[in-house]
Amino acid sequence: MKNKILLILSAVLVFASCDDFLNETPRHQWEMESAISSYASAQQAVNGIYGIVLPGDYFGTDLHIAYASRAGVINSKSNDYNFAYTQSNSPTSLWQLMYRGINACNLAIQQIPAVADSAFPTETAKDELVAEARFLRGYFNSVLMLNYAYWWSKDDSSPYGIIYRDEMTTTENAYKPRISVGESWTKIFEDIDYGIEHMPKTFATNRKVSVIFAKAWKAKLLMIRGEYATAKTLVDECLAALPAAGIEMQSDMAVHFDEAWDSKENIFVRYLNNDGNRTSNAGYYTEYGLAYYLYDDCFITSSGKEVTQEEATCGLKYGADWMKEDPRWYISTGKARCPETWDDSYVWTWTKIYRKGRFDGKQAPVDEKYAIYYLRVPELYIMKAELLAHTGASPKDAIAPINEMRAKRTNPVLDPLPTPADNQQMWDFIFQEYVKELFLENGCEFWASLRIQKEGTSYMQHMKGADWTYEPTKMQYPIPNSEMVNNYELEGMQNPGQE
């Protein structure tokens, strides 16, 4: 059995210090029976989960562009915009990445409890590491649920849930069936709740998950499920915990994006180790593709006319008018050089993510802080506003958290929103705030476009127009072809209509 059960970790990252959070320590072919035998190796196993999942774009800008296209704010991925994927072309990389992360979580969850209590510096250290791994397993499973399963189904007995794995994958257990939608949510929330209960109560770093992030993520899942009252309680708890955690709004938005993962505004952010491969580890869209997919040329070649930032749209299909009326447009977007050595032209693009890009980012001064903002403070205020609106608050009271958030900025100065004239204007303000503040950061605009109504339909349907047909059963990706072909337990279990 020892020779059969091997964990292949491309990189296991070791906790160092707050200033240099992750130092890369490759480990290959760890034998399961002896993989974790000390406090240090337990830390390595848990920290290594981040090194597996966070580099690259599959759980970053690539996914977030897909979400923005699904919402209808942009149309940079037509299959996402039209929900046109089938089994043969379903995105495989996100699926594989999440299961690699889950496999690493299961190593930690199985192995750490067997280490002697005396090996840990405190009575709670062992369970805190297990809790972190369990939350991450729940987190990754929820990403699979939201992207490949019938997450929207109100029928808990629906068989189109996730493939649930709670042990290290071996040749004996590689093939698993799907579990029901209800079972999927139960498993996900069991892991998330365990993390909330047992992870350290003191916030240590925004480069790892925390109780604050776990509560906020649970709240986001509950919002997707329509459980607004419970979600509001969790968001209130998160906001109340920020001062003690040292997390705060950065008054200067430009400074926040310049500081990237070092900003105190982040609750959970992607960090890339400075190992000489930071730019390549950032992923295709983050340091390359944004300059060619969501951009405007700074000069129209045929006429030589300069395109101003005010005239640019940076790929927006919807909302460019109200986006460009907001001063955050001039901080979230900017002029950047194209990434090819031979292409020295400049474009307007989303520099809050792209920064200077592959070419200029390597020049002096080096600019390679390609952060992915999984959660930062402003989103909590916008979530609270939406949740107040969903739970019966007046339009004036509902937008109060947004105005509280806006008042914390000094650059740019954000005037308070006026009292909405009616409920529709209230919902417009809330949806637009998600896009103006958080576009392309974590996909929140897609989920908001489903929950928030505009003229009697979802914002997503409104943005895409009457010529676009809404098909609820295509709201998720199909199970990838490689899994369907190789996993005999999945015969006949593809999402209906996505074969």
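Buried, here, means under 20% relative accessible area. I start with that because it decides how we read helix α2 in this structure, which is a predicted model.

Helix α2 covers residues 61-71. How many of its eleven residues are buried? Eleven of the eleven are, so the helix is largely enclosed by the rest of the structure. The buried set includes polar and charged names: T61, D62, H64, S69 and R70 are among them. L63, I65, A66, Y67, A68 and A71 are also in that set. Just after α2 comes G72, with a positive phi of about 105°.

Next, the nonpolar core. The largest one has 167 residues. Which members touch the most others? Those are F59, Y139, F213, I430 and Y434. Helix α5, residues 125-148, gives the most to this core, with 14 residues.

Take F59 from that list. Leaving aside neighbours within four places in sequence, F59 is in contact with V53 and L54, then L94, L97 and M98, and further along with Y139, V143 and Y374. Y139 appears twice in this account: as a contact of F59, and beside F59 among the residues that touch the most other core members.

Last, a sheet. Three strands form an open sheet in the order β4-β8-β7, and the pairing is antiparallel. Which strands are at the edges? β4, residues 296-297, and β7, residues 334-337, each pair on one side only. Between β4 and β8, the latter being residues 346-349, there are two bridges, and these strands run antiparallel. For D297, the bridge partner in β8 is V347.

Note on methods. Residues numbered from 1 in each chain as written. Predicted model: local features only at pLDDT ≥ 70, side-chain atom pairs only at ≥ 80, totals over all residues. Heavy atoms only, no water. Core = buried A, V, L, I, M, F, W, Y, C linked by side-chain atoms within 4.5 Å. Buried < 20%, exposed > 50% of the residue type's maximum accessible area, 1.4 Å probe, protein only. Helix = DSSP H or I, 4+ residues; strand = E, 2+ residues; numbered from the N terminus. Contact = heavy atoms within 4.5 Å. Pairing = 2+ DSSP bridges.
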